[in-house]
Amino acid sequence: MNKRNFLARLLQASATAAIAPAALAQSGKALPEVDAEVRRVDTAQGRITLRHGDIPNLDMGAMTMVFRAREPALLQDLKPGDKVRITAQMVDGQLTLMSLAPVR
């Protein structure tokens, strides 16, 4: 996927995500859990870089991306190489990590 196609898909996903949280809340559907690997953690900025699988609710294929953490506590005790399961969605136009659980 080239950069232009990615940006077009991201814009489409953000437009869909603006509606999606309300739709998810009304439908009672949970966000899909996705396997990921921690690549970098920036606790000062509240961001994490993850190599993740497909994120269906964002119409995003597997890739490495930076996510904003919904809560800074989600980033505690993480280090590069850790395997995790995440949920993510678009919040205020930013890819946001909603939940994170270590995989044992």
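**A five-strand barrel, strand by strand**

Strand 1 and strand 2 (residues 47–52) run antiparallel and are joined by 6 bridges. The model is a predicted one. The two strands form a hairpin, with 4 residues between them. Gly-46 sits in that turn and has a positive phi of about 70°.

Two cross-strand pairs set the register. Glu-37 stands opposite Arg-51 in strand 2. Val-38 stands opposite Leu-50, also in strand 2.

From strand 2 the pairing continues to strand 3. Strand 2 and strand 3 are antiparallel and pair over 6 bridges. Here Ile-48 stands opposite Phe-67 in strand 3.

Now take the whole fold. The chain has 1 helix and 5 strands. Along the sequence the pattern reads α-β-β-β-β-β. The 5 strands close into a barrel in the order 1-2-3-5-4, with mixed pairing. From one strand to the next, the twist averages 55°.

What share of the contacts between residues at least 6 apart in sequence joins residues at least 24 apart? The share is 50%.

Next comes the interior. Of the 104 residues in the chain, 33% count as buried. In soluble globular proteins, nonpolar side chains tend to be buried together. In this model, the largest nonpolar core has 21 residues. The residues with the most contacts inside this core are Ile-48, Leu-50, Phe-67, Val-84, Ile-86, Leu-97 and Leu-100. Strand 1, strand 2, strand 3, strand 4 (83–91) and strand 5 each supply at least two core residues. Which strand gives the most to this core? Strand 4 does, with 4 residues.

Leu-50 shows how the core is knit together. Leave aside its neighbours within four places in sequence. Leu-50 is then in contact with Ala-36, Glu-37, Val-38 and Arg-39. Its contacts also include Met-63, Thr-64, Met-65 and Phe-67. Val-84, Ile-86 and Leu-97 are on the list as well. Among these partners, Phe-67, Val-84, Ile-86 and Leu-97 are also named with Leu-50 as residues with the most contacts inside the core.

The surface comes next. The chain exposes about 6500 Å². Carbon and sulfur atoms supply 52% of that area.

Three polar residues now deserve a closer look. Start with Glu-37, which lies in strand 1 (residues 34–42). Is Glu-37 buried or exposed? Glu-37 counts as buried because its relative accessibility is 11%, and the cut-off for buried is under 20%. Its side chain has charged-residue partners by name: Arg-51 and Lys-83. The polar contact between the side chains of Glu-37 and Arg-51 is 2.7 Å. The one between the side chains of Glu-37 and Lys-83 is 3.0 Å. Arg-51 is also the residue that stands opposite Glu-37 in strand 2. Beyond its neighbours within four places in sequence, Glu-37 is in contact with Thr-49, Leu-50, Arg-51, Gly-81, Asp-82 and Lys-83.

Asp-54 is found in a loop, the one between strand 2 and strand 3 (63–69). Asp-54 has a relative accessible area of 53%, so it is exposed; exposed begins over 50%. What does the side chain of Asp-54 reach at 2.9 Å? It reaches the backbone nitrogen of Ala-62. Not counting residues up to four places away in sequence, Asp-54 touches Val-34, Met-60, Gly-61 and Ala-62. Pro-32 is 22 residues from Asp-54 along the chain, and the C-alpha atoms of the two are separated by 9.8 Å.

Last comes Ser-99, in strand 5 (residues 94–102). Ser-99 has a relative accessible area of 28%, so it is partly exposed. Its side chain makes a polar contact of 2.6 Å with the side chain of Thr-87. Thr-87 is also one of its contacts beyond the neighbours within four places in sequence, along with Leu-74, Arg-85 and Ile-86. Ser-99 and Glu-71 are 28 residues apart in sequence, and 8.8 Å apart from C-alpha to C-alpha.

How values were computed: Residues numbered from 1 in each chain as written. Predicted model: local features only at pLDDT ≥ 70, side-chain atom pairs only at ≥ 80, totals over all residues. Heavy atoms only, no water. Buried < 20%, exposed > 50% of the residue type's maximum accessible area, 1.4 Å probe, protein only. Polar contact = N/O pair within 3.5 Å; in protein donor to acceptor, adjacent residues only side chain to side chain. Contact = heavy atoms within 4.5 Å. Pairing = 2+ DSSP bridges. Axes fitted to C-alpha atoms, helices over the stretch in contact; angles between N-to-C directions. Areas by Shrake-Rupley, 256 points an atom, 1.4 Å probe, with all protein chains shown as cover. Core = buried A, V, L, I, M, F, W, Y, C linked by side-chain atoms within 4.5 Å.
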